[in-house]
Structures are given as C-alpha cells and as structure tokens.
Amino acid sequence: RRPLPAAPGGRASCGWSAALVYDPLAPAAEVKRVALLLVAAAALLAGLLRPQRPRGLPEAVLGWLALVAWLAVAAARSGPLGLRALGTWVGATALLLAAVQGPRHQSRAVARWVAQLVGGTAALVALAEYITGARGLQVHGGQGNPNWLGLLLALTLPLTLEQALGSRRRQRRLALLALLALQAAGLYLSHSRVAWAAAAVAGWLMLPGWPTVLRSGRPALTAAALALLVLVAPRSLDAGRSAVARAAPDKVEAAGDTPLPVAFAGRLWIWQTSLGAAARALPLGVGLGGFADAYLDAQGRRLAELAPRTAARRFLNATTAHNDWLEVAVEGGPVALLLLAATWGWAWAGLRRGGRGRPWRAGSAVLTAWAVCAPGDSPLEQPAALIVLVLVLAASPRARSQGSCRKRDAVPDRPAARSLYLAAWATSHLADAGSDGAHRVGLVPSDSAAVPPDSPRLQRTVERAAVGMRCLALLRAAL
C-alpha cells in the first residue's frame, strides 16, 4: 500500500478551521457554530458537485441521522433558542456526510490529521497564554473555557498517539512525539479532571496488547491509576484552601482549583435537578435549547423547600447539565437518549471489530474518552470536540454488508429501525406512566401525581405523544 499523505485532501479536513476560529468579543461556541455551518455546507456541496465512490452508511451514521432528525423536531417545538442550538448538530451532521464519502481509510486519515492540527494548535495557544502570564480562565487555547480545552485534547490525544506509535521514520516520529507532549501539556493546563481521567483511560486502551493486560490486571492498569492519582490528589485533598476567584479590573485569576469534594457536590446537585427536569418533561422532553429554563424551574421547586440562607448558597445557574446523557434526555426525552446510546454502541463495536478491514484502536479510544467525559461534562455542546467526534463516526464500518447476508434473509438487518420500534414503544407507555413514575422516585411532589382526566397538562402530554408517534413512523419508513 502507498503511505497515506500527511495532510489528506479529504473535503471534511477543512473542519479544522471551524474548530480553531475564535473571536474574543463573542461567545466561543457561537463563533464556532457559525463557522461549522459554513465549512460543512461548503464540504457537502463539493461532495455533491464531484461525488466519490459511495459506500454504504454504517449503522452509527444512521443512528446519528435519526438522533438529529428527532432533535430537529424538538427544536421546532422550542422556538428560536432551539433553532440556534440545532445549528451545531446540523453543521456536525453535514460534516459527517461529507466525511463518510469515499474509502474508509481516507476518513480515518482525515480524522487523524484534523486531530493533530486542532489539538496541537489549541495546546500551543494555551501554552503561549500561560507563558505570557495568563492564569485560570484565561488559559483556554481559543476554546473559551479551560474545561472545553481539556475535553478537546482528551479526544485528540489518542489519534496523535496512534500516529506517533505507528510512524516508521525517525524524524516524523520525533515530531509526533513532540506534538503529543505539547497536547499533554495543554491538557494539564486545562485543569479539567474529567478530561484527565478520560485521557488516562484512552491512553491505557492505546497501549499495545491491552486485552492481555486487561485479563491479567497488572502493569498498565496500575500505572494509569497511579498517574491519575498523582494528577488529581494534590488538588483534591486540599479541601481547606479557598476556591474563591480573585477579580481584577482587566483580568480574572483563580486562586486554585475547586476541591474535588466541593466540585463533586455541585455536579451532584446539578445532576439531581436535571433528572427531576427530565422526569417532568416526559415523554418528549422540553425541546432543544430549553434545558436552562427547565433546570431553573426544577431547581426552584427544590429550593422552595429550604431556608432562604441555605437556598441562596445552593443556587447554581447551570446553562448545561454537565452530563450529555441527562441534557439529551431533558431536551429530547427518552427517544433521544436511546438513539444516542445506540449510536455510540454501534460505532464503538464497529471500530473494535473492524468490519472488513482492521480494527481501529484509536477510534474506539476516542469514543471511550467521550464516554468518560460525557457523564461529567458536556462535550456535545462544544463544536470543536463535536467535529473530532463526527469524523471518527464517519470512519466506523458497517456491522454486516449486504453481500454477507444469507440468501434466506429477504430483508437485510436494520438495527436503526429496531431502535425506533423500541423508542416508539417507550414513548407510548411513558405518556401514561411518566407522572406516576416521577412520583415514585420522589422527583415530583405528591400533589402532582394524580392528574384529573380533563387536566390541560394531561391533554398536552397526549398531544406530544401523538406528534412523537407520527415522527417515529416517518423515521421508520425512511430507514
């Protein structure tokens, strides 16, 4: 085989520009969202004008398309905020469709190259900011927030590590190792403990012969655990140190990281409140972009039971759930949650199995890193991290090609349709059991458990369920 070029000419490789664009006078996510829409539209248009040899869409891509279609319906129900939030999903989907064209090895090469360029540039900017005197929230590498920088680098490190381990030329290997060290330094400067844990797990999976190590449970697991302990313990055990930020007229400087017990208590409060909001929004969710309002409503009900001084200390103005699973459940309901889980499962299994080609260990490590980050933060809300994720999804193989189907199989296997069947069944049953189930787990006060038959809230729930069933029928027919 010919060696893959260092900078592949894939149309989706232009996604790096959307991940690195930054305007200090605007929110970072807004600028990247607009750039992602423009870049993805140009890449998709170029693919339509000069099409390549098509290949069958893998199940993970079909699951992603079904998820975005469902979220589009949710955005139409939530108004202008939903349409703005839908822009990131639509841009990522267009980039995914542009990347899935052509051979699979080209899609993998594009993902590696974009990860090296985006991760290296963001880490270099963060290191330059730190050298010039920036501290705390100012060290963000063009991502707008240090935590978002950590989420991005946790996803790019496995792809860079794969190139460094697989390079045969000495000079190229040294350059890739230097790039790997630069990204590791940027990851440390981000002070994102969730990203540290994700990078440690993904790096452990990238080690040669990790299944044998997993069975024996010896050196690699011990080294990863010790490394994580060394990184986290010095900052998490100092619970007595103040975590109050010092504000200056022209800059913001943090005195130190929030102690781990305090940070976990805050996340736990947000997760519990988000779970209550998801239970009240059954079965279809509050709509895309409506998480912030739903969270404040659920938090107000919880704070109403506390004393004013305690409630003032407990209040948290969370714009995200700091948990992708919960946020998708709040905005899109259990249907969106099932589609997201199915998409991740198909992609991870396909990359580990390899389909007709070789397994892609780095791709499965990226998905594992996202799975570690998703319960503790919101990587799906960050366009740069989402770009890397969809490029990896585009390289996932199909579970079974049509040529390998047996002759007696009149209809090929369609797991996406089966997922929609399950989602339709769950939606039809949750419409009646949502209020009672929320009361049983203690998320809804007892006076709201019994709903009279003529209640307007029950009528709205039935109407939402009917709309959801019609949308599921259309999606099932399309798939």
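This passage walks through the fold of a predicted model, from its overall make-up to its cores, helix contacts and a few local details.

To start with the broad picture, the protein runs to 479 residues, and 46% of them count as buried. Its secondary structure comes to 18 helices and 2 strands. As for how the chain folds back on itself, take the contacts between residues at least 6 apart in sequence: 76% of these join residues at least 24 apart.

Next, the interior. The largest nonpolar core has 85 residues, and the members that touch the most others are W64, L67, W89, L159, W360 and L391. Helix 16, spanning residues 383–394, supplies the largest share of this core, with 11 residues. A second core of 16 residues lies apart from the big one, and A277, A278, A321 and V330 are among its members. Back in the largest core, L67 gives a feel for the local packing: once residues up to four places away in sequence are set aside, L67 touches W89, A336, L339 and L340. In general terms, nonpolar side chains tend to be buried together in soluble globular proteins.

Helix 16 also turns up in a helix pair worth a look. Helix 3 (residues 59–78) packs on helix 16 with the axes 9 Å apart and an angle of about 135°. Helix 3 is therefore oblique to helix 16, since that angle falls outside the parallel, antiparallel and perpendicular ranges. On the helix 3 side the contact involves A60, V61 and W64, which meet L386, V390 and L393 of helix 16. Sorted by class, this contact has 6 nonpolar residues, with no polar and no charged ones. W64 ties the two pictures together: this tryptophan sits in the helix 3 contact and is also one of the residues that touch the most other members of the largest core.

Just before helix 16 comes Q382, in the loop that links helix 15 (361–373) to helix 16. Is Q382 buried or exposed? Its relative accessible area is 7%, so Q382 counts as buried, the cut-off being under 20%. Leaving out neighbours within four places in sequence, Q382 is in contact with W148 and L151.

A second helix pair has another make-up. Helix 11 (residues 260–280) and helix 12 (residues 291–303) pack with their axes 8 Å apart, at an angle of about 105°. The two helices are therefore roughly perpendicular to each other. Helix 11 contributes W269, I270, Q272, T273, S274, A277 and R280 to the contact, while helix 12 brings F291, A294, Y295, A298, Q299, R301, R302 and L303. These residues break down into 8 nonpolar, 4 polar and 3 charged. A277 does double duty here, as part of the contact with helix 12 and as a member of the 16-residue core. The loop between helix 11 and helix 12 holds P283, and the peptide bond leading into P283 from L282 is cis, with omega near 5°.

Aromatic pairs come to 6 across the whole structure. In one of them, W344 and W348 are stacked, with 6.1 Å from centre to centre and 20° between the planes. Both tryptophans belong to helix 14 (residues 324–353), where they are 4 residues apart, about one turn of the helix. Neither is fully tucked away: W344 is partly exposed at 25% relative accessible area, and W348 is also partly exposed, at 29%.

Some backbone details round things off. H191 has a positive phi, near 55°, although the residue is not glycine. H191 falls in the loop between helix 7 (170–190) and helix 8 (193–206), and with a relative accessible area of 26% this histidine is partly exposed. H322 likewise has phi near 55°, again positive in a residue other than glycine. H322 is placed in the loop between helix 13 (308–314) and helix 14.

Finally, L165 belongs to helix 6 (residues 146–166). L165 is partly exposed, with 48% relative accessible area. Its C-alpha atom is 8.9 Å from that of L176, a residue 11 places away along the chain. Apart from neighbours within four places in sequence, L165 is in contact with R173 and M206.

Definitions and conventions
Residues are numbered from 1 along each chain as its sequence is written. This is a predicted model: local features need pLDDT of at least 70, side-chain atom pairs count only at pLDDT 80 or more; totals for chains, interfaces and linings use all residues. Side-chain values use heavy atoms; hydrogens and water are left out. A nonpolar core is a set of buried Ala, Val, Leu, Ile, Met, Phe, Trp, Tyr and Cys residues joined through side-chain atoms within 4.5 Å. Buried means under 20% relative accessible area, exposed over 50%, partly exposed in between (1.4 Å probe, protein chains only). Contact means heavy atoms within 4.5 Å. Axes are lines fitted to C-alpha atoms, for helices over the stretch in contact, and angles run from 0 to 180 degrees between N-to-C directions. Angles under 35 degrees count as roughly parallel, over 145 as roughly antiparallel, 65 to 115 as roughly perpendicular and the rest as oblique. Ala, Val, Leu, Ile, Met, Phe, Trp, Tyr, Cys and Pro count as nonpolar, Asp, Glu, Lys and Arg as charged, and the others, Gly among them, as polar. Rings of Phe, Tyr and Trp (its six-membered ring) pair if their centres lie within 6.5 Å; planes under 30 degrees apart count as stacked, over 60 as edge-to-face and the rest as tilted.
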